[in-house]
Amino acid sequence: MKPAVGGCHCAPETGQQRAEQVHHRLRVALLGTPNVGKSALFNRLTGRYVTVSNYPGTSIEVARGSGVLDGTAIELLDTPGMYSLLSTTEEEAVARRVVVEGGADVFVHVVDAKNLPRMLSLTLQLVEVGRPLVVALNMMDEAERLGMRVDVKRLASRLGVAVVPIVAVSGRGIDALRRAIAVAARGRVPLAPVYGNGVGTALKSLRGALVGVYPVDPAVLAALLLQGDAEATAWVRAAEPDGGSGAVAAAQGLAAGFGAPAAYRIAVERQRVAEDVAAGVVSAARGHAAPWVEWLGRALARPATGIPALVLVLYLGLYLFVGRLGGGVLVDWLEGTVFGRGLNPLFERLFAGIPSEAARSLFVGEYGVLTLGLRYAVAIILPIVGAFFLFFSALEDSGYFPRLALLVDRVFKRLGLSGRAVIPLVLGFACDTMATMVTRTLETRRERVLATLLLALAIPCSAQLGVILAVFAGQPLAFGVWVLALMGTFVLVGAIAARVLPGAPATFYMELPPLRRPRLSNVLVKTYTRIQWYFLEVLPLFLVASVLLWAGQLTGVFAAVVSALEPVVGALGLPAETARIFLFGFFRRDYGAAGLFDLTRAGVLDQVQLAVAGVTLTLFVPCVAQFLMMMKERGVRTALGMLAFITPFAFGVGYLLNLALRGLR
Ligand SMILES: Nc1nc2c(ncn2[C@@H]2O[C@H](COP(=O)(O)OP(=O)(O)OP(=O)(O)O)[C@@H](O)[C@H]2O)c(=O)[nH]1
Ligand SMILES: [Mg+2]
């Protein structure tokens, strides 16, 4: 019987299939703790690009690519980081499935040389799997800069596997790594580690009780079963002829005999063996980075210095670079010169020959695909989003986000979130859809639901944020109200939801990576891939939205919806013209924001109206892509529930805000 597949990306295989593997492409999986450079190595080995960032949890799914080894094509798998095979988060479970379901023929354990002893416990677990293994000792450049030396030969002989020092980002040692992988693929599997203190005997006896067919050495399943892992228990139940009842009972008996939780006992014993392996391997205790870098790293995470630093980062990055340069200078040039003087008149001339007014208005005119859709996408949103992606990618590479997580952890606790949630929430400022997917890295369902809701409600995405920044340029009062209203909503809804939702608050643990100077090549490639994504995903939607608007206008549906919306916007104290932008907002958040930008330029709105429209439009519905992702990640019911809450809530806030601001005047 085959083990259960779960949500695996890879087909599980039987023993017979394994034997046939010789004829298949060799599959090599890169595994390891978060943020050690797996993706950087993957990019190097495949020539593809998957995201590389300086915080744990960048990769959340398995990426596949092809590379060449000994002149033959191989398949490479980049996996999300995992601390141990006993996974606690969803993306760790994804990585583990690659291991336990036999999704690869050779494993490469990527470790951070600076923290080698801490990483060996996972190496031991990978040895237990009984597949060829190579250790890639990454970040050697940083280790050497700290004055560390690693006795590679001694480490290799103790582990019984090849150990290759590399620098993934520069390519140093990559050829040697390729050779080691090729040798390992043909060689024998490493010998299982010897555990004492009752752990070894318990594991051996449980392994003996497993008689089913498993894609990897059942020792791995035995260890997980002993620790009470639910998914492993299901695998065993599916694979054992007796439905696993004997093995599960044996595991429970052995675990009870430990006197302490089995997971704890096993972890302690593995750590002991790992320390034995590491003894004498790393010479010169870990040194320190340059003193000012260390100081800055700490200062960014402390409230007294971290909050002013955050304000500075936001001012320089968001306000000046994205808002002023992207949203001001670049947009002016693209809109005024490129579209205003060049393209729009050209489009008008090109389509002037079309006799039918209705057909012509599909392309040019107020709702024309070219003069509205293309202009919004290329002249307003693209420069702003491009600037934002540049700034954001540089921050991602620097190691700032984990420090921000530490900084806000205390506030987040009150919202039922842990500092860990900072990463998905901050990513929301780039793209809420992607960030909704990243909520997988949160440990509890409760925290995932809370973060998804807050993303949908109160975090504007890059496109929307950029346009809003441009809208508010030179309107500091309205901008201040917008910021406060969003922050207030975020905190209020978060605090209430944290009380309403059942479950315990999440705990927080995040490793602080070193601060690094952003690598220009990575920042540029990342920005480029994001802009490419923008064009592929967003531009078509904009064009479709324009066509729908055009059709809506021709048929009168548009006018009907707008006039139905008019009393609603009227209640918010907004002029009738704004009904149109809320309709735009239904298509995409940024499309609505771009509409607001247009109206503001025309000078239709006063400061209060600007603030009210800006706040309502930001809180308002998530874009279609985000909503689909919410359904996929959280389930249809939860997603619909959130939508049913968000829409009236947004208009309610707009209504109250209008009353309050008018009252204050
Ligand atoms: N100095 C130096 N930095 C490296 C090296 N390899 C990776 N990095 C940096 O380490 C950080 C993490 O790299 P990633 O490739 O995203 O790490 P990962 O293991 O895929 O991380 P997750 O996907 O979060 O598990 C990035 O800032 C990289 O630029 C290296 O050999 N030397
Ligand atoms: Mg990665």
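Which residue takes a positive phi in the hairpin of S2 and S3? In this predicted model, the residue is aspartate 70, with a phi near 55 degrees, and the hairpin has two residues between its strands. Most residues other than glycine have a negative phi. The hairpin is a convenient place to start, since its strands belong to a sheet.

The sheet is open and has six strands, in the order S2-S3-S1-S4-S5-S7, with mixed pairing. Strand S2 and strand S7 (162-165) stand at the edges with a single partner strand each, so one side of each has no neighbour in the sheet. On average, neighbouring strands are turned by 25 degrees against each other, direction ignored.

Strands of a sheet pair through backbone hydrogen bonds, either parallel or antiparallel. Both kinds of pairing are found here. S2 and S3 run antiparallel and are joined by seven bridges; within this pair, glycine 65 has leucine 76 of S3 as its bridge partner. S1 and S3 run parallel, with five bridges between them, and here alanine 29 is matched with leucine 77 of S3. Strand S3 (residues 72-78) has five of its seven residues buried, so the rest of the structure largely encloses it. Further along the sheet, strand S4 (residues 106-112) pairs with strand S5 (residues 133-138) in the parallel sense over six bridges. Valine 110 has alanine 136 in S5 as its bridge partner.

Helices lie across these strands. Helix H4 (residues 116-128) lies across strand S1 (26-31), S4 and S5, and runs at about 170 degrees to S4. Helix H7 (residues 174-186) lies across S1, S2, S4, S5 and S7, running at about 165 degrees to S5.

Helices also meet one another. Two packed helices are described by the angle between their axes and the distance between the axes. For helix H3 (residues 90-100) and helix H10 (residues 230-239), the axes come within 12 Å and cross at roughly 30 degrees. The crossing of H3 past H10 is right-handed. Arg96, Arg97 and Val100 of H3 make the contact with Glu231, Ala232 and Trp235 of H10.

Two loop residues recall the hairpin. Methionine 139, in the loop between S5 and helix H5 (140-145), has a positive phi of about 60 degrees although it is not a glycine. Asparagine 197, in the loop between H7 and helix H8 (199-209), is not a glycine either and has a positive phi of about 50 degrees. Their surroundings can be set side by side: methionine 139 is buried, with a relative accessible area of 10%, whereas asparagine 197 is exposed, at 54%.

A metal site comes next. The magnesium ion (ligand 2) has Ser39 (OG) and Ser59 (OG) as its protein donors, which lie 2.0 Å from it. Serine 39 is in helix H2 (residues 38-46) and serine 59 in the loop between H2 and strand S2 (63-69), so that the pair, 20 residues apart, links distant parts of the chain. Both serines are buried.

The last topic is the nonpolar interior. The largest nonpolar core holds 125 residues, of which Ile381, Phe401, Leu417, Leu425 and Phe582 touch the most other members. Helix H16 (residues 369-398) gives the most to this core, with 18 residues. Leaving aside neighbours within four places in sequence, isoleucine 381 is in contact with Tyr376, Ala463, Val467, Tyr534, Phe542, Asp590 and Ala594. A second, separate core has 95 residues, including Val134, Val248, Ala262 and Val277.

Methods: Residues are numbered from 1 along each chain as its sequence is written. Chains are lettered from A and ligands numbered from 1 in the order in which they are written. This is a predicted model: local features need pLDDT of at least 70, side-chain atom pairs count only at pLDDT 80 or more; totals for chains, interfaces and linings use all residues. Side-chain values use heavy atoms; hydrogens and water are left out. A nonpolar core is a set of buried Ala, Val, Leu, Ile, Met, Phe, Trp, Tyr and Cys residues joined through side-chain atoms within 4.5 Å. Buried means under 20% relative accessible area, exposed over 50%, partly exposed in between (1.4 Å probe, protein chains only). Helices (H or I, at least four residues) and strands (E, at least two) are DSSP runs, numbered from the N terminus. Contact means heavy atoms within 4.5 Å. Donors are N, O and S atoms within 2.8 Å of the metal (3.2 Å for Na, K and Ca); water is not among the atoms, so sites may look incomplete. Two strands pair if DSSP finds at least two bridges between them. Axes are lines fitted to C-alpha atoms, for helices over the stretch in contact, and angles run from 0 to 180 degrees between N-to-C directions. A crossing is left-handed if the near helix is turned anticlockwise from the far one by less than a right angle, and right-handed if clockwise.
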